[in-house]
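Visitor: I'm new to this one. Could you walk me through it and tell me how each label is earned?

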Amino acid sequence: MSDRDGVIWYDGKLVPWREATTHVLTHTLHYGMGVFEGVRAYDTPKGPAIFRLQDHTDRLFRSAKIVGMDLPFSKEELNEAQRTVVRENGLKSGYLRPMAFYGPEKLGIAPPKKDVRVIVAAWPWGAYLGAEGMEKGIRVKTSSFNRHHVNITMCKAKANGNYMNSIMAHEEAAADGYDEALLLDVDGYVAEGSGENFFMIRNGKVYTPDLTVCLDGITRNTVFQIIKDMGLEITEKRITRDEVYVADEAFFTGTAAEVTPIRELDRRSIGTGVRGPITAEIQQRYFDIVQGRNEKYAGWCTLV
Ligand SMILES: Cc1[nH+]cc(COP(=O)(O)O)c(CN[C@@H](CCC(=O)O)C(=O)O)c1O
């Protein structure tokens, strides 16, 4: 990722991509306390537009508040930084990564509260879990790692260090030949994927875990709106892994994952083992919205 042409927004300035570096004694590099966002820009009929920019920036600030980090820029400055990196890198679509971290002023558990650095990068990023998976569905394995206990790591913060849990789960699934992991909470109920929220469909009704242990996903929120537009019923409930085994359809949602169908969990086919019809319609409606083809949601598409 380091050897590319382009520019990165770094503490208020656009720097050449290869020069956007930090010292090896950067506090966040050692202790993992940083906050970040995953945001996407899409090419729309009116030009490149960032999807739900304000919602992502709002969550970045919530994450910082949860971990006690004071961001040295305003929401407006970070919104403009994100528009700038899409524009200055000449992207029609792509993935943006705003991230705030503690710098190298000091090490030791207590972070350098006055040394907060902020970057925004953007680059082209296609189907997160593979183009084939978007059409045929992916293979998922229930992880041997539980999702965090809500009083061990702060699950509503999109915090860098939280992703050790995600990496361990994803790598275990990948080593066993699966595309992604499904993590259970400490009580054994379905929580979410390593980087996605989870949904399933049974007898035409949609179910998803409540937000207790999950990240408050912006794509999840968008899909709630789509489900409402489709006149379907959605229930937030505790879901067991065997309920997923006998579901008719299932899918992941996320900025990177978008709407990714799940065709199998733990070697049990979900439904007929292909992308389900309701999932396919939700996926299509999602792409219509993010690509600016649904006027009702034009307010979610911020032109760069
Ligand atoms: C744990 C987790 N849960 C749910 C979501 C979905 O949230 P939202 O993007 O607001 O709908 C994400 C986003 N995962 C991001 C990070 C991916 C990465 O590899 O990094 C993303 O999708 O951008 C998560 O990381």
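Guide: Sure. Helices here are DSSP runs of H or I with at least four residues, numbered from the N terminus. Thr 57 sits in one of them, helix α2, which spans residues 53-67. Keep in mind that this is a predicted model.

Visitor: Why is Thr 57 called buried?

Guide: Buried means under 20% relative accessible area. Thr 57 has 1% relative accessibility, so Thr 57 counts as buried.

Visitor: What makes the pair Thr 57 and Gln 82 a polar contact?

Guide: The cut-off for such a pair of N or O atoms is 3.5 Å. The side chains of Thr 57 and Gln 82 are joined at 3.0 Å, and that makes a polar contact. Setting aside residues up to four places away in sequence, Thr 57 also touches Lys 75, Leu 78 and Asn 79, along with Gln 82. As for Ser 74, its C-alpha lies 9.7 Å from that of Thr 57, with the two positions 17 residues apart in sequence numbering.

Visitor: Let's go on to Thr 142. How do you know that Thr 142 is buried?

Guide: Same kind of check. The limit for buried is under 20%, and Thr 142 comes in at 6% relative accessibility, so Thr 142 is called buried. Thr 142 belongs to strand β8.

Visitor: Which residues is Thr 142 in contact with?

Guide: Contact means heavy atoms within 4.5 Å. Leaving out neighbours within four places in sequence, Thr 142 has Leu 182, Leu 184, Arg 241, Leu 265 and Asp 266 as contacts. With Asp 266 there is a polar contact between the side chains, at 2.6 Å.

Visitor: And why is Ser 144 called exposed?

Guide: Exposed asks for over 50% relative accessible area. Ser 144 has 54%, so Ser 144 is exposed. You'll find Ser 144 in the loop between β8 (138-142) and α5 (163-175). Its side chain makes a polar contact of 2.4 Å with the side chain of Glu 172. Ser 144 and Ala 173 are 29 residues apart in sequence, while their C-alpha atoms are 9.2 Å apart in space.

Visitor: What makes Asp 11 partly exposed?

Guide: Partly exposed is the range between the buried limit of 20% and the exposed limit of 50%. Asp 11 is at 27%, so Asp 11 counts as partly exposed. Asp 11 is in the loop between β1 (7-10) and β2 (13-16). Asp 11 has a positive phi of about 55°, although Asp 11 is not a glycine.

Visitor: Which label does Asn 203 get, buried or exposed?

Guide: With over 50% as the test, the 65% of Asn 203 passes, so Asn 203 is exposed. Asn 203 lies in the loop between β11 (197-202) and β12 (205-208). Not a glycine either, Asn 203 has a positive phi of about 50°.

Visitor: Now the ligand. Which residues come nearest?

Guide: A residue gets into the group around the ligand if one of its heavy atoms lies within 4 Å. There are 21 such residues, and Tyr 95, Tyr 128, Tyr 163, Glu 192 and Thr 219 come nearest. By class, that shell has six nonpolar, nine polar and six charged residues.

Visitor: How do you know that Arg 59 has a polar atom by the ligand?

Guide: A polar side-chain atom of Arg 59 is 2.7 Å from a ligand oxygen atom. Thr 255 also has a side-chain N or O atom 2.7 Å from an oxygen atom of the ligand. Gly 195 uses a backbone N or O atom, 3.1 Å from a nitrogen atom of the ligand. Taken alone, the ligand exposes 550 Å², and the protein buries 93% of that. Elements giving two or more residues to the shell are β6 (94-102), α6 (218-229) and β14 (249-254).

Visitor: Which domains does the shell around the ligand draw on?

Guide: At least three residues come from each of domain 1 (7-123) and domain 2 (131-290). The C-alpha centres of domain 1 and domain 2 are 26 Å apart. Their contact takes 21 residues from domain 1 and 20 residues from domain 2.

Methods: Residues numbered from 1 in each chain as written. Predicted model: local features only at pLDDT ≥ 70, side-chain atom pairs only at ≥ 80, totals over all residues. Heavy atoms only, no water. Buried < 20%, exposed > 50% of the residue type's maximum accessible area, 1.4 Å probe, protein only. Polar contact = N/O pair within 3.5 Å; in protein donor to acceptor, adjacent residues only side chain to side chain. Areas by Shrake-Rupley, 256 points an atom, 1.4 Å probe, with all protein chains shown as cover. Nonpolar A, V, L, I, M, F, W, Y, C, P; charged D, E, K, R; others polar. Domains from an automatic or database assignment.
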